[in-house]
Amino acid sequence: MKTLRTVLQEAQGRGDAVGHFNVSDMVLLKAVLAGARELDVPVVVGLSEGEREFVGTRTIGAVVKSLREEYDFPIFLNADHTHSLAKGIEAAKAGFDAIVFDLSALPFEENIRQTKQAVEALKAINPSMMVEGEIGDIGTGSEIHDKAPDLAKGLSSPEEAKHFVESTGVDILAPAVGNMHGLLKSMVSGETKKRLDIERIAAIKEAAGTFLTLHGGSGTDDDDLRKAIAAGINIVHINTELRVAWRRGLEQGLAKMPDEVVPYKIFPPAVEAVKQVVLSRLRVFTGKRKAA
Ligand SMILES: [Zn+2]
């Protein structure tokens with residue numbers, strides 16, 4: 001089985017990005033795997049600290065490893081938004097392929113100091129684990145927000161990106177380029193879309209020369225996503241869109257079968273709703289069109 005690093009290099013060579021989808025139950029995991037297998041493209045599933053606490057860090061490590069073997073399919077596991085080295089070590093020991101070590105809320109030099117330490121400690125446990133660092137401000141919470149945070153001051157500069165990557169030794173960088181976590185209500189309804197600073201992405205790619213992740217991809221304009229990938233984004237994170245689909249699908253299942261108590265009869269509409277979002281996003285990230 002290829003490593004995540006090889007998969008990212010190959011995707012970059014094709015001009016594709018790899019989709020990263022957050023999961024926190026079997027409905028989401030089944031839907032992500034089904035979508036990726038249908039298009040035959042590699043995929044990353046991610047769990048934040050909160051999502052890992054619910055699912056179990058060792059449990060998801062074992063489940064994803066098992067799926068990878070059972071289907072002989074390139075599904076990878078990422079420890080999303082990890083805020084302490086202790087939690088990072090737990091994920092490394094559970095077999096995660098990658099980690100987002102996120103100290104972006106700290107002052108820049110402190111973020112560098114602690115991220116560098118984390119890179120060394122995590123690679124001592126698993127040398128092939130890919131470590132991602134975060135700079136800038138893209139807000140928190142993959143949920144529905146009432147108002148937009150002011151992200152203008154938190155945008156990343158190419159100089160910062162270069163300095164951060166060189167000083168820490170991270171494999172992947174997550175910059176702030178107009179993206180944000182979560183969705184506004186107007187984005188859930190589709191009235192508004194997130195827009196990205198494509199020139200900034202290209203300048204950061206040039207300066208940092210490393211893999212780049214776009215966090216908070218939900219609700220982003222499709223053309224901006226394509227341009228961002230062409231400008232150097234390698235991984236795109238989608239979480240809130242899946243959560244919205246999960247809830248709507250679940251509500252549909254419950255409404256259709258008001259007296260049903262069997263979970264595996266209630267959940268299929270939720271799996272299908274999430275899978276449709278995964279398919280549509282993977283088509284944008286990889287340029288794969290629905291077979292006629
Ligand atoms: Zn994120």
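## Barrel, helices and empty space

Helices H6 and H7 make a right-handed crossing, meaning that the near helix is turned clockwise from the far one by less than a right angle (anticlockwise would be left-handed). H6 covers residues 108-125 and H7 residues 158-168, and they pack at about 35° with their axes 8 Å apart. On the H6 side, the contact uses Phe-108, Glu-109, Asn-111, Ile-112, Thr-115, Lys-116 and Val-119, while H7 brings Glu-160, His-163, Phe-164, Ser-167 and Thr-168. Sorted by class, that contact has 4 nonpolar, 5 polar and 3 charged residues.

Some housekeeping: this is a predicted model, where local features need pLDDT of at least 70 and side-chain atom pairs pLDDT 80 or more, while totals for chains, interfaces and linings use all residues. Residues are numbered from 1 along each chain as its sequence is written, and side-chain values use heavy atoms, without hydrogens or water. Helices (H or I, at least four residues) and strands (E, at least two) are DSSP runs numbered from the N terminus. Axes are fitted to C-alpha atoms (for helices, over the stretch in contact), with angles of 0 to 180 degrees between N-to-C directions; contact means heavy atoms within 4.5 Å.

Now the sheet. Strands S1-S2-S3-S4-S5-S7-S9-S10 form a closed barrel of 8 strands with parallel pairing, and neighbours in this sheet are turned by 25° against each other on average, ignoring direction. Pairing takes at least two DSSP bridges. Take S2 (residues 43-47): this strand pairs with S3 in the parallel sense over 5 bridges, and Gly-46 sits opposite Asn-78 in S3. Helix H1 (residues 4-14) lies across S1, S2, S3, S4, S5, S7, S9 and S10, and runs at about 85° to S9.

What about the empty space? There are 2 cavities of 30 Å³ or more, and there is a largest pocket to look at too. On a 1 Å grid over protein atoms alone, a 1.4 Å probe fits in a cavity but cannot get out; a pocket is an open set with protein on both sides within 12 Å along at least five of seven lines, and lining residues have an atom within 4 Å of a point. Points join across faces, edges and corners, and volume is the space filled by probe spheres on them.

| Space | Volume | Lining by class |
|---|---|---|
| Largest pocket | about 450 Å³ | 4 nonpolar, 20 polar, 9 charged residues |
| Largest cavity | about 60 Å³ | 7 nonpolar, 3 polar, 1 charged residues |
| Second largest cavity | about 50 Å³ | 6 nonpolar, 2 polar, 2 charged residues |

Asp, Glu, Lys and Arg count as charged; Ala, Val, Leu, Ile, Met, Phe, Trp, Tyr, Cys and Pro as nonpolar; the others, including Gly, as polar.

With its volume of about 450 Å³, the largest pocket has 33 lining residues, and His-81, Gly-139, Thr-140, Gly-141 and His-181 are the closest to its centre. H3, S3, S10 and H11 each give two or more lining residues, and H3 gives the most, with 3.

The largest cavity's lining includes His-20, Asn-78, Glu-132 and His-237, with S4, S5 and S10 each supplying at least two residues. Around the second largest cavity, the lining includes Arg-14, Asp-16 and Leu-282; H1, S1 and H13 (268-286) each supply at least two residues there.
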